[in-house]
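Me: Could you walk me through one part of this model at close range, and then follow the threads outward from there? I'd like a connected account rather than a list.

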Amino acid sequence: GGVPRGGTGGKTRDRHFVFGRFRPTRALRDEGATFTCSSFFGPEGDKILSGANDGTLRLFDVNTGVVAAYVDEYRHSGSVRQIQTASAFGSTEKPFALSSSASETFLWDLSTTPDFSSEGPVATFEGACSASFDSQCARVFHAGGNTPGTACLYDITAGKHVRNFFTWNLMDQALGVVTNPAGASRRFTTRTSTSQRFADTSFGPNGSSLVLWGHTLWDVRLPHPIKTFDSFSDGGGVSFHPRGDEVVLNGEVWDLRSDRLLRCVSSLDGCSLSWTKTWDVAVASYRPPRDENIVQSSRRTKHPLRNAFRTVDCASDDFSDIATIDIDRNILHVSWDKGTDSKCCVSECDPNDVSFDSVVRVYEAGRVRPTEEDSDAEDEGDEGDEGLDEGVDLHLNDDEFRAMDEMNVLDEDDEQRSARTAAAIAGNGAALAGLRALLGGMVADRIRDAVIGQGADVDEDEDELDTDDDVEFSLEPENDADDGDDNDSVNDEDSEVSESESESVLLSLSSSGDETGDSVEELEGESSDDDESEGGF
């Protein structure tokens with residue numbers, strides 16, 4: 001009882017916080033390879049099995065970024081379009097993997113890594129272009145052939161097929177009760193459309209015996225399908241809801257109990273889903289048509305998720321979007337790691353590159369994307385990831401993720417506060433400089449006005465005089481012999497006079513007529529007397 005952690009809706013906010021941000025941590029490459037699909041392998045998510053467009057397979061060591069195994073001798077006849085490992089279905093103890101092309105599916109035993117391919121695949125399913133493990137990774141359902149009986153159930157422990165599946169009409173034909181056997185045979189052989197033949201397969205969760213092949217629902221205990229859902233669109237993936245009571249067919253959600261269409265999720269149209277270990281979040285990505293050349297379809301597609309993947313909140317009834325993570329390249333496949341339940345691998349390619357450059361990039365959930373100042377994950381991957389210590393544990397729990405995010409937020413706050421302080425200091429400095437310029441301008445204007453006014457008074461006084469040369473405004477003595485002594489005395493007196501006294505002297509000099517001349521003569525006389533008294537010269 002009581003309020004759950006985080007208050008009402010706290011779990012939803014936690015999911016949106018963690019799965020709303022992804023950071024690339026590793027880039028895996030092999031020269032000349034165009035990776036079309038990939039999947040994690042192992043309980044620690046330290047290995048990735050990748051398929052290429054030329055039918056070869058590669059097993060990567062995520063910690064070092066090197067190719068631990070290369071499968072060339074037992075390559076597929078065409079492009080590898082699907083890879084599923086036991087880890088992708090929640091089992092970390094079953095060392096099995098499935099790789100599918102348009103014409104066959106291989107079952108691999110990865111317990112002898114890195115030499116798992118030395119003796120070839122454990123089983124080969126000819127004509128099967130899609131396959132899936134059950135929830136216990138003990139059986140494989142594979143389908144996709146054009147002849148009756150190619151939808152089969154394979155028991156891994158027994159090492160043989162335990163059941164073939166037919167349609168209702170073919171069963172009736174075997175019993176002799178079909179009125180139109182030719183039409184029934186033709187219906188099964190063509191599988192109604194090419195997209196249906198290349199459709200995905202999916203087992204139900206929690207030990208369920210139900211399995212999907214496209215829009216057809218089967219029960220592995222029965223040799224015939226139990227239901228065919230109406231198809232409103234083609235090209236997307238199929239999967240069961242984690243509760244087991246709903247199925248997601250492309251962007252359509254059906255209720256298995258009432259056979260009703262519950263909703264259409266337009267954001268999932270043409271996408272395949274990769275579920276987390278807790279089954280409350282799914283990663284949606286563009287699913288290229290498997291009956292077309294993957295290079296051409298990647299260059300031609302206009303799908304909104306051709307260069308992005310999206311996280312979906314599957315705990316809600318409306319399959320609401322959490323976040324859309326944009327990348328610079330086109331996406332061919334996305335797989336979630338259920339071993340660590342914290343990262344996914346994305347098969348990316350550059351459709352504009354002549355060699356169709358490709359990379360398998362690992363993204364970790366709950367971490368913000370690097371900024372321009374941070375080191376680039378792709379560059380680190382190219383250099384053998386020298387920036388990562390071999391002994392560092394990269395697998396963090398949710399509490400550590402939250403603590404790291406809080407530290408990031410505090411760092412961002414400190415940076416923003418420092419930027420604001422610097423801006424305020426710069427603004428204050430600019431304001432002070434502007435104030436000084438304003439005050440200086442005001443003082444200069446007042447001084448200029450005073451000088452102009454005094455000059456006007458002097459002009460008026462001079463106009464009243466009959467001759468402009470009656471008064472000579474000069475402090476220099478007439479006798480050239482005493483020129484040096486007079487200059488010394490004037491300089492000494494000027495050094496002792498303040499600025500206000502100088503202004504009064506100038507005003508006194510501006511007086512008119514004989515008074516001005518008399519004052520000047522008196523000043524000269526006083527200056528000469530002072531010189532004689534002080535110097536005795």
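Does cysteine 137 count as buried or exposed, and at what relative accessibility?

Reply: Happy to. Please keep in mind that this is a predicted model, in which local features need pLDDT of at least 70 and side-chain atom pairs count only at pLDDT 80 or more, while totals for chains, interfaces and linings use all residues. Residues are numbered from 1 along each chain as its sequence is written, and side-chain values use heavy atoms, with hydrogens and water left out.

Cysteine 137 counts as buried, at 1% relative accessibility. Here buried means under 20% relative accessible area, exposed over 50% and partly exposed in between, with a 1.4 Å probe and protein chains only. Cysteine 137 sits in the turn of a hairpin made by strand 10 and strand 11, with five residues between the strands, and has a positive phi of about 55°. Strands (E, at least two residues) and helices (H or I, at least four) are DSSP runs, numbered from the N terminus.

Now the two arms of that hairpin. Strand 10 (residues 130-133) and strand 11 (residues 139-143) run antiparallel and are joined by four bridges; two strands pair if DSSP finds at least two bridges between them. Across the pair, alanine 131 stands opposite histidine 142. Within strand 10, Ser130 and Ser132 point one way, Ala131 and Phe133 point the other way, and all are buried.

Another hairpin is worth setting beside this one. Strand 20 (residues 252-255) and strand 21 (residues 260-264) run antiparallel, joined by four bridges, and glutamate 252 has cysteine 264 as its bridge partner. Four residues lie between these strands, and aspartate 259 takes a positive phi near 55°.

A cysteine in the turn naturally raises the matter of disulfides. The count comes to zero, where a disulfide is a pair of cysteine sulfur atoms within 2.5 Å. Cysteine 37 is in no disulfide, and its nearest cysteine sulfur, that of cysteine 345, is 9.6 Å away. Cysteine 37 is buried, with a relative accessible area of 0%. In space, its C-alpha is 5.8 Å from that of serine 347, although the two are 310 residues apart in sequence. Serine 347 belongs to strand 27 (residues 343-349) and is also buried, at 0% relative accessibility.

Moving on to the aromatic residues, there are twelve aromatic pairs. Rings of Phe, Tyr and Trp (its six-membered ring) pair if their centres lie within 6.5 Å; planes under 30 degrees apart count as stacked, over 60 as edge-to-face and the rest as tilted. Phenylalanine 309 and tyrosine 363 have ring centres 5.6 Å apart and planes at 65°, so this pair is edge-to-face. It links distant parts of the chain, with phenylalanine 309 in strand 24 (residues 308-313) and tyrosine 363 in strand 28, 54 residues apart. Phenylalanine 309 is buried at 0% relative accessible area, and tyrosine 363 counts as buried at 2%. These two residues form one aromatic cluster with Phe19, Phe22 and Trp336.

Both strands of that pair lead further. Strand 28 (residues 358-365) also holds glutamate 364, which is buried with a relative accessible area of 4%. The side chain of glutamate 364 makes a polar contact with the side chain of arginine 367 at 3.2 Å; such a contact is a pair of N or O atoms within 3.5 Å, where within protein one must be able to donate a hydrogen and the other to accept it, and residues adjacent in sequence count only if both atoms are side-chain atoms.

Strand 24, for its part, belongs to an open sheet of four strands in the order 22-23-24-25, with antiparallel pairing. The edges are strand 22 (271-275) and strand 25 (320-326), each pairing on one side only. Neighbouring strands here are turned by 25° against each other on average, direction ignored; axes are lines fitted to C-alpha atoms, for helices over the stretch in contact, and angles run from 0 to 180 degrees between N-to-C directions. Six bridges join strand 24 to strand 25, and valine 312 has aspartate 321 as its partner in strand 25.
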